[in-house]
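Reader: I am in my first year and would like to look closely at a single part of a structure. Could you take me through one part slowly, in connected prose?

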Amino acid sequence: MMQDETEAVEFEAWCERCARRLGELDDQITLAEAKRLARDVYAFERTRAMGPVVAAEFVAVEMSRPDRGPFERRSAAR
C-alpha cells in the first residue's frame with residue numbers, strides 16, 4: 001500500500017473510532033453528525049495527536065464547560 005493510501009485508511013479508521021465514541025458519549029447526536037464532528041476534530045493538530053477515543057472524550061468535556069473558548073486552528077502550519 002502506498003503512503004497516501006495508508007494515510008487515507010488511517011484517517012478513516014481514526015474518524016470511525018472517534019465518531020463511535022462521540023455517539024456513546026452523547027446519545028442525542030446522529031451518526032452523520034458524529035462523523036462530521038470526528039472529521040473536524042481530526043483537522044486539529046492537538047486532538048488528532050490524542051488518538052480517536054481520547055480526542056472524543058476531550059471534546060465532550062470541553063463542550064460541556066460553560067466557560068469554554070472556541071476551538072481554533074493555528075494560523076501557521078507546523
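Reader: How many residues does helix α1 have, and how far does it reach from its first C-alpha to its last?

Author: In this predicted model, helix α1 runs over residues 3-25, which makes 23 residues, and it reaches 33 Å from its first C-alpha to its last, close to the 33 Å expected at 1.5 Å a residue. Along α1, the buried residues are Phe 11, Trp 14, Cys 15, Cys 18, Ala 19 and Leu 22. To read such a list, it helps to know that an α-helix has 3.6 residues a turn, so residues three or four places apart point the same way. The buried residues of α1 pack against three other helices, namely α2 (31-43), α3 (45-50) and α4 (52-64).

Two of these buried residues are cysteines, yet the structure holds zero disulfides. The sulfur of Cys 15 has that of Cys 18 as its nearest cysteine sulfur, 6.9 Å away, whereas a disulfide needs the two sulfur atoms within 2.5 Å. Cys 15 has a relative accessible area of 5%, while Cys 18 has one of 0%.

Leu 22 of α1 also leads to the second largest pocket, where it is among the residues closest to the centre, together with Leu 37, Val 59, Ala 60 and Met 63. This pocket holds about 270 Å³ of space, and 13 residues line it, with α1, α2 and α4 each supplying at least two of them. By class, the lining consists of ten nonpolar residues, one polar residue and two charged ones.

Methods: Residues are numbered from 1 along each chain as its sequence is written. This is a predicted model: local features need pLDDT of at least 70, side-chain atom pairs count only at pLDDT 80 or more; totals for chains, interfaces and linings use all residues. Side-chain values use heavy atoms; hydrogens and water are left out. Buried means under 20% relative accessible area, exposed over 50%, partly exposed in between (1.4 Å probe, protein chains only). Helices (H or I, at least four residues) and strands (E, at least two) are DSSP runs, numbered from the N terminus. The expected span of a helix is 1.5 Å times one less than its number of residues. Contact means heavy atoms within 4.5 Å. On a 1 Å grid over the protein atoms alone, a cavity is a set of points where a 1.4 Å probe fits but cannot get out, and a pocket is an open set with protein on both sides within 12 Å along at least five of seven lines; lining residues have an atom within 4 Å of a point. Grid points are joined across faces, edges and corners, and a volume is the space filled by probe spheres set on the points. Ala, Val, Leu, Ile, Met, Phe, Trp, Tyr, Cys and Pro count as nonpolar, Asp, Glu, Lys and Arg as charged, and the others, Gly among them, as polar.
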